[in-house]
Amino acid sequence: MSEPRPGTIVFEAVDVVYPGGYQGLTEVDLRIEQGEFVVIVGLSGAGKSTLIRTINGLVPYTSGRLSVGSEVVDPHSRRRLRRLRSRVGMIFQSFNLVSRISVLHNVLVGRSSQTPTWRSLLGWYRAADQEIAFQSLERVGIVEKAYVRASSLSGGQQQRVAIARVLAQDPQVILADEPVASLDPPTAHQVLQDLRRINRELGITTIVNLHHLDMARRYADRVIGMRAGRIVFDGPVAEADDAAIEEVYQRSLTAQDVAGDPE
Ligand SMILES: Nc1ncnc2c1ncn2[C@@H]1O[C@H](COP(=O)(O)OP(=O)(O)OP(=O)(O)O)[C@@H](O)[C@H]1O
């Protein structure tokens with residue numbers, strides 16, 4: 001097989017056993033190509049977060065092999081993890097911004113891996129880094145908020161800042177763990193549209209956990225369905241119909257499963 005591109009992710013027989021002995025992932029075989037937009041669905045506890053978090057080493061896998069580009073994920077090497085995380089950005093449900101500081105300063109945090117520690121600590125960022133931070137804010141349409149405190153923004157705006165912070169990293173992969181679960185449906189759609197547009201414009205591999213099927217179907221190229229730590233569906237979005245998802249969930253769909261419409 002040819003050399004993987006930098007944003008290609010390959011799981012080979014990956015298991016995760018949590019310290020208490022709970023089996024979080026079982027025999028996961030998965031190849032996600034550079035530039036794909038993949039949505040992971042599954043009921044609560046199916047292993048969606050676990051799968052996403054193994055990719056940047058937040059959850060260490062316990063057997064098998066996992067690589068991003070040509071680099072094997074090594075959860076036990078802090079140096080290699082730091083290098084990996086500079087290429088793999090993460091967005092969380094709770095935004096994880098520093099609320100007391102400005103939007104611009106939060107985005108500059110995304111440049112930290114490329115900035116000497118003393119400069120980060122003093123907040124002395126190079127002009128080139130500031131330029132990248134402004135460009136990132138422009139990409140998510142909130143450059144006018146650069147000097148505002150992060151805490152004064154709405155939830156949707158805060159998530160956009162979190163996306164800008166990840167973009168400032170210049171990542172090859174974006175992982176988004178329930179990125180819209182705290183947002184109302186219209187705002188959630190705006191954030192997903194941003195992620196989708198950025199994926200298309202920049203070719204960044206993007207993996208998103210979502211609860212609502214109508215959002216998954218609207219934005220995904222490819223849908224992965226999980227149950228009890230295993231991948232039980234993997235196909236193009238056109239194949240992720242109700243029958244396929246009912247098979248993943250092992251029950252009939254409810255209105256709540258599908259909900260999340262912007263209207
Ligand atoms: N640190 C941990 N230690 C032990 N078990 C854990 C840990 N983190 C997660 N688990 C278990 O692993 C399983 C999968 O959890 P995970 O968070 O990946 O599911 P999920 O599909 O993302 O669920 P949700 O949609 O509710 O976020 C669950 O049974 C959970 O209790």
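Which residues are around the ligand? In this predicted model, they are Y18, G20, Y22, G24, G42, S44, G45, A46, G47, K48, S49 and T50. Let's start there, then move on to a helix, a sheet, a core and two residues with unusual backbone angles.

**Around the ligand**
- Sort the shell by residue type and you get three nonpolar residues, eight polar ones and one charged one.
- Helix α1, which covers residues 48–55, gives the most to this shell, with three residues.

**Helix α1**
- Six of the eight residues in α1 are buried, so we can call this helix mostly covered, counting a residue as buried if 20 or more other C-beta atoms lie within 10 Å of its own.
- The buried ones are K48, T50, L51, I52, T54 and I55.
- K48 and T50 turn up twice in this story: they are among the residues around the ligand, and they are also buried.
- After the helix comes G57, with a positive phi near 80°.
- α1 lies across five strands, namely β3 (37–41), β6, β7, β8 and β9 (222–227), and runs at about 150° to β7.

**The sheet**
- Picture six strands making an open sheet, in the order β6-β7-β8-β3-β9-β10, with mixed pairing.
- At the edges sit β6 (88–92) and β10 (230–236), each pairing on one side only.
- On average, neighbouring strands here are turned by 15° against each other, ignoring direction.
- For one pair up close, take β7 (residues 173–177) and β8 (residues 205–209): they run in the parallel sense and share four bridges.
- In one of those bridges, V173 is partnered with T205 in β8.

**The nonpolar core**
- In soluble globular proteins, nonpolar side chains tend to be buried together.
- The largest nonpolar core here has 70 residues, and V39, V41, V107 and L175 touch the most other members.
- Helix α6 (residues 155–168) gives the most to this core, with seven residues.
- If you skip its neighbours within four places in sequence, V41 is in contact with L210, L213, A216, V223, G225, I245 and V248.

**Two unusual backbone angles**
- Most residues other than glycine have a negative phi.
- D170 isn't a glycine, yet its phi is positive, about 60°.
- You'll find D170 in the loop between α6 and β7, where it is partly exposed, with 17 other C-beta atoms within 10 Å.
- E178 isn't a glycine either, and its phi is positive too, near 50°.
- E178 sits in the loop between β7 and α7 (185–202), and it is partly exposed, with 17 other C-beta atoms within 10 Å.

Methods. Residues are numbered from 1 along each chain as its sequence is written. A residue is near a molecule or strand if its C-beta atom, placed from the backbone, lies within 6 Å of it. Helices (H or I, at least four residues) and strands (E, at least two) are DSSP runs, numbered from the N terminus. Ala, Val, Leu, Ile, Met, Phe, Trp, Tyr, Cys and Pro count as nonpolar, Asp, Glu, Lys and Arg as charged, and the others, Gly among them, as polar. A residue is buried if 20 or more other C-beta atoms lie within 10 Å of its own, exposed if 12 or fewer, and partly exposed in between; C-beta atoms are placed from the backbone. Two strands pair if DSSP finds at least two bridges between them. Axes are lines fitted to C-alpha atoms, for helices over the stretch in contact, and angles run from 0 to 180 degrees between N-to-C directions. Two residues are in contact if their C-beta atoms, placed from the backbone, lie within 7 Å. A nonpolar core is a set of buried Ala, Val, Leu, Ile, Met, Phe, Trp, Tyr and Cys residues joined through C-beta atoms within 7 Å.
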